[in-house]
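Hi everyone, thanks for coming along. I'd like to walk you through a structure today, so have a look at it on the screen and then we'll go through some of its parts together.

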Amino acid sequence: MAQLLPALAYLAPALTILAVLALRRYPGERALVAALERHRDRRGRVRAPRGAARKHTPRALVARGGRLIGCALAVRPPPLLGLALS
Amino acid sequence: MLFKFTLRRARGRLPAARRATLLSAGLLVSSAAWPLAAEAHGVSGRASLPVPAWLFAWAAAIVLVVSFVLLSAMWSRPRLQQLSERRVCSWPEWIAAPAGLIGLALFALVVYAGYDGVATPSANFDPTFIFIVFWVAVPLSSGVLGNWFGAFSPWRALARAVRWGGARAGLRRRAPLSYPGWLGRWPAVVGLIGFAWLELIYHDHDDPVILASLSLAYFALMLVGMALFGIEQWSERGDAFGGYFGLLARLSAFDVHGGALWRRRLLSALSSFGGESGAVALVLVIIGITTFDGASNGVVWNTLQPHVQSWFTGLGLGDTPADELADSLGMLLAIAIVAGFYWLGVLGMRSVSRRYDARALARSYAHTLVPIGFAYVLAHYFSLLVWQGQAIGYLASNPLGHGSDYFGTAHWHVHYGFIGSTGIWYVQVLALVAGHVCGLALAHDRALATSRSSEEAVRSQYWMLVVMVGFTSLGLWLLSSVNT
């Protein structure tokens with residue numbers, strides 16, 4: 001048994017952490033999760049392309065009224081509708 | 001007992017966090033109460049350290065905790081789950097032939113030196129080449145340079161030569177059997193345990209004749225396996241050494257295949273490892289046999305082993321068989337302890353989320369142990385490699401020990417002043433810490449890829465932190481307890 005005591009000295013850091021986890025405690029968890037999600041959000045904003053705002057602008061997808069007649073008569077659809085249909 | 005008493009009295013009044021703090025403090029105080037000499041043993045010599053060696057375990061633990069915090073906070077998306085390679089350079093396919101010839105020539109030299117050389121292990125080429133160059137230098141270099149062994153593997157080279165010759169003669173033959181999924185990596189597991197038993201336990205392990213005979217037997221077994229299941233299938237899964245070297249080679253940022261050198265993200269080739277049968281066992285055995293190698297030279301096993309041996313002697317066995325059986329049990333115990341460390345982490349992760357069963361989790365995270373295996377091998381065998389490995393210089397000129405001097409290096413000798421014991425201790429500590437930080441990074445990356453939420457990912461990694469700190473501490477204790 002005496003020979004195992006030095007081993008325990010080396011294993012003390014692991015045993016310490018294990019003891020905390022065995023009591024279902026995760027110290028610093030909230031801060032780490034918040035930091036992780038902040039980092040994810042920051043990466044998402046940085047990576048968003050320039051045209052993203054434009055893409056989210058609502059636009060008419062279905063031609064109605066005069067535009068409907070115009071589309072039927074035109075050789076090619078109006079630019080905006082053409083984008084919406086593409 | 002003092003701390004248990006404190007815990008009982010406090011339970012009614014103190015919250016759980018306080019109890020954990022008391023328990024941790026108790027462990028800290030009790031560990032500081034043992035005055036340990038600042039010792040670290042390599043193959044020979046003692047390191048002179050500025051602080052007791054056990055404090056290095058605490059320092060390593062702090063490094064791992066800081067790494068864990070940084071990974072959790074800043075590594076926000078998986079980066080290592082997909083392998084992406086870029087070709088650096090290529091060469092003509094015929095280059096494989098001379099590489100294979102070199103491997104075959106070296107193998108022939110091993111057999112020749114074994115049967116015709118002197119019986120003195122230190123003067124014969126075989127023990128140094130097999131136990132230092134082949135068993136230590138090849139896997140370590142594979143971890144850095146990639147899987148170069150495949151080109152030099154003598155049995156693979158002969159098998160490929162036979163296939164090429166058969167194709168030229170118009171004989172095309174497919175492997176009669178498909179490699180069964182249930183067999184997986186188990187042949188490699190058994191092979192590695194067998195080699196470790198030979199190296200660490202068998203009494204005549206450095207007899208050149210026995211080494212040569214076993215080498216021939218292994219060669220024949222490999223040829224049979226490749227003939228039955230196919231060269232590439234068997235080389236990766238059935239060849240103990242090919243599988244072991246190939247596994248460590250996944251650590252590297254380089255790979256050699258298809259007649260080219262490829263570059264990839266460091267550690268990224270590990271993500272696909274672990275799903276096969278026996279994969280977890282393979283990594284645990286690699287760490288376990290190295291653990292036993294260290295423990296067998298330490299005080300604990302040297303105190304316990306005679307009792308186990310005498311028990312076997314009492315059953316009627318002779319001294320040598322009893323000694324070998326006792327050590328065999330010790331090796332299995334070391335593997336079991338390593339497996340226990342890992343399963344503790346797996347069960348802890350399972351307590352965070354019940355979506356996966358324990359076996360699936362164990363396979364999913366098996367690849368995180370590969371850097372630990374590499375670190376253990378490097379730390380444990382570094383001194384052997386840099387000191388006794390120099391002997392290959394003069395043995396290459398005089399492989400049979402009969403006084404030849406083929407390359408003019410027969411007069412060389414080992415320079416022990418090349419690096420001191422203190423330097424070796426620091427290399428060992430650095431290797432262990434670096435390997436475990438890599439293991440943490442791999443585990444964190446896998447958690448991000450498989451967890452449903454950030455909470456689940458972060459919480460599961462607390463348990464992997466325990467595993468990594470535990471393995472680091474175990475490795476440092478083993479290194480410090482090796483007797484000169």
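Let's start with helix α5 of chain B, which has a kink of about 35° centred on V133(B). Please keep in mind that this is a predicted model. The helix covers residues 125-145, so to speak 21 residues, yet the C-alpha atoms at its ends are only 25 Å apart. A straight helix at 1.5 Å a residue would reach 30 Å.

How does α5(B) begin, and what follows it? At the N-terminal end N124(B) acts as the cap, with a side-chain oxygen 2.9 Å from the backbone nitrogen of D126(B). After the helix comes G146(B), with a positive phi near 105°. As for its surroundings, α5(B) is mostly covered, with 17 of its 21 residues buried.

Now, one residue of that stretch deserves a stop: W135(B). Which residues does W135(B) contact, leaving aside neighbours within four places in sequence? The partners are I130(B), L192(B), F195(B), E199(B), F241(B), Y244(B), I289(B) and Y381(B). W135(B) also belongs to the largest nonpolar core, which has 132 residues. Along with W155(B), Y342(B) and L476(B), W135(B) has the most contacts inside that core. The helix that gives the most to this core is α19 of chain B, residues 454-481, with 16 residues. There is a second, separate core of five residues, and F382(B), V386(B), I419(B) and I424(B) are among them.

That brings us to the other kinked helix I wanted to show, α16 of chain B. Its kink is about 55° and is centred on Y381(B), and Y381(B) is one of the contacts of W135(B). What about the end-to-end span of α16(B)? Its 18 residues, 370-387, should span 26 Å at 1.5 Å a residue, and the end C-alpha atoms are indeed 26 Å apart. Because 15 of those 18 residues are buried, α16(B) is largely enclosed by the rest of the structure.

Next, two serines. Is S67(B) buried or exposed? S67(B) sits in helix α3 of chain B, residues 53-74, and counts as buried because its relative accessibility is 13%, under the 20% cut-off. A polar atom of the S67(B) side chain lies 2.8 Å from the backbone oxygen of V63(B). Beyond residues up to four places away in sequence, S67(B) touches V437(B) and L440(B).

The other serine, S153(B), is in the loop between α6 (149-152) and α7 (154-168) of chain B. S153(B) is buried too, with a relative accessible area of 2%. From S153(B) to V386(B) is 233 residues in sequence and 24 Å in space, C-alpha to C-alpha.

For a change from helices, look at strands β2 (residues 254-257) and β3 (residues 260-264) of chain B. They run antiparallel and are joined by four bridges. D255(B) has W262(B) in β3(B) as its bridge partner. Two residues lie between the strands of this hairpin, and G258(B) takes a positive phi near 60°.

Let me finish with the whole chain. Chain B comes to 19 helices and three strands, and 51% of its 484 residues are buried. Of the contacts in chain B between residues at least 6 apart in sequence, 76% join residues at least 24 apart. Thanks for listening!

Note on methods
Residues numbered from 1 in each chain as written. Chains lettered and ligands numbered in written order. Predicted model: local features only at pLDDT ≥ 70, side-chain atom pairs only at ≥ 80, totals over all residues. Heavy atoms only, no water. Expected span 1.5 Å × (residues − 1). Bend = angle between axes of the 7 residues up to and from the residue. Buried < 20%, exposed > 50% of the residue type's maximum accessible area, 1.4 Å probe, protein only. Polar contact = N/O pair within 3.5 Å; in protein donor to acceptor, adjacent residues only side chain to side chain. Core = buried A, V, L, I, M, F, W, Y, C linked by side-chain atoms within 4.5 Å. Contact = heavy atoms within 4.5 Å. Pairing = 2+ DSSP bridges.
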